[in-house]
Amino acid sequence: MPALNPVRGTRDILPDENRRRRFVEHVAFDHASRYGFGEISTPVFEFTEVFARTLGDSSDIVTKEMYTFADRGGDSITLRPENTAGVARAFISNGLTQHVPLKLFYRGPMFRYERPQKGRYRQFHQVGVELIGVAGPLADAEVIALGADVLAALGLSDRVTLQLNSLGDGESRVAYRDVLVDYLRSHRQSLSEESLIRLERNPLRVLDSKDEGDRKVVAGAPQITDSLNSASRAFFDTLTGFLERAEVAYRVNPRLVRGLDYYCHTAFEFTTDALGAQGAVLAGGRYDGLVKQMGGPPTAGTGWAAGVERLMMLVDDVGRAARPLAVVPQSDDQVSDAWSIAQRLRCAGFVVDLGYSGNLGKRMKRANKSDARACIILGEDEIARGVVTTRDMDTGEQQEVMLKDIEDHLGRYR
RNA sequence: GCGGGAGUAGCUCAGCUGGUUAGAGCACCUGGUUGUGGUCCAGGGGGUCGCGGGUUCAAAUCCCGUCUCUCGCCCCA
């Protein structure tokens, strides 16, 4: 049935898997709340310009990975490939520039036209945070510590490492870029074809090339740390001091870079080797130039995004769904009474399932399949006497209970 | 966008040097048990062998194309 398959790179998430997804999202938001973040929801599509302008014309996301189309009114629309640009747009659109510092959490689907792989889909989900309007390193520390907390709460502490780097301020980055380009040019005969292109368009990217020849060249390359001016160095030192004080373990990786212009100072990634090539599970950095680039006032910002599907694959077990009580009529003759009892119990806050058809045995089977904690059995006999029979599905123990007392009696199964 | 591997029942897979009616386990349904689930026993349903084309007397099996998944590259969450 090829016509009935979901579109490549998309998939259906069934109830069991959605419990994992909700668990991940819930843990993320729960911890974000503790840091004072509130949830923002922005549209899943924006004017193409929102992404084109902020992500940079040369980035892969913009040049070949966006779902872009003209709507019926002729506007160019793009399904969001990430949400930082959307949040920045909302920040400006809603006049929030006067309400900084602003701490925003988000979650939801993102869209990128990429080759699907393990943990990589064309429609995927992210959770993320943006802390807008704080220029100092305490904001970076908070955001990183929050990321570490979320991963810890998901039970992943021993499977991820935090890699940290500083790109410095604009002055430092320009200085480093010059030094780096000089060095790379002098070794251009050893660089891969890819890297020669990057050298012209986005030289920092050469640093995280996986090509063996490139790596040798990069190993001897000047490090950004040496190009940081004193202000940038102080920023980074203060940040690492905060992280140490909060006991957030990190490893400085001078090759961790961000290609886009609006990034500065902090860049970080929590990575794992448990997902093959998809190593990054939660990554972010500081983007002081973004809001201004979008047409807003100069505004500092720092944040991260995490791939929900990747996290879902890493978390072990989220426990089973709530076990229901099953109201089981002996036959169709007792269905109306069963229905009343079920509604009464639901009203009282119980999780209640029903057996829909068949004889008592069939309905019991269904109750068992739904993992029922207990059954409320209702026969002709019981109705006549104003009682029900309850059966504990784990012990098999049964007893008769007055109909009016069932809520009390079942309280222990709540 | 580029390269490797794989697609057989709802799931995991066997069958593949071409040869009767394509199998197993799990799952599902029915009965044993018409007032009692799980376990057990007996039986049953379910497959255009991803799709299209080619070779052949004969194709799940060989060849080509295509789609999807998967691993890697690129990039990224």
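## A walk around RNA strand B and a small sheet

Start by selecting strand E6 (123-132), strand E10 (280-286), strand E11 (301-307), helix H14 (360-369), helix H15 (380-385) and strand E15 (387-392): each supplies at least two residues of the surface near RNA strand B. Helices (H or I, at least four residues) and strands (E, at least two) are DSSP runs, numbered from the N terminus; a residue is near a molecule or strand if one of its heavy atoms lies within 4 Å of it.

Before you click on, note that this is a predicted model, where local features need pLDDT of at least 70 and side-chain atom pairs count only at pLDDT 80 or more, while totals for chains, interfaces and linings use all residues. Residues are numbered from 1 along each chain as its sequence is written, chains are lettered from A and ligands numbered from 1 in the order in which they are written, and side-chain values use heavy atoms, with hydrogens and water left out.

**Around the RNA.** Colour H14 next, as H14 gives the most to this surface, with 7 residues. Then show Arg112, Arg115, Arg120, Arg198 and Arg205, which come nearest of the 43 residues around RNA strand B. On the RNA side, sugar and phosphate make up 52% of the strand's atoms that come within 4 Å of the protein. Colour the surface residues by type and you get 12 nonpolar, 12 polar and 19 charged. In that split, Ala, Val, Leu, Ile, Met, Phe, Trp, Tyr, Cys and Pro count as nonpolar, Asp, Glu, Lys and Arg as charged, and the others, Gly among them, as polar.

**Close-ups.** Zoom in on Arg120: an N or O atom in its side chain is 2.6 Å from a base nitrogen of RNA strand B. At Ala280, a backbone N or O atom lies 2.8 Å from a sugar or linking oxygen of the RNA strand. Gly307 has a polar backbone atom 3.4 Å from a sugar or linking oxygen of RNA strand B.

**Over to the sheet.** Now pick out E2, E4 and E3, in that order: these 3 strands form an open sheet with antiparallel pairing (two strands pair if DSSP finds at least two bridges between them). Strand E2 (45-47) and strand E3 (67-70) are at the edges with a single partner strand each, so one side of each has no neighbour in the sheet. For E2, 3 bridges join it to strand E4 (residues 76-79). Label Phe45 and its bridge partner in E4, Leu79.

Note on methods:
Polar contact = N/O pair within 3.5 Å; in protein donor to acceptor, adjacent residues only side chain to side chain.
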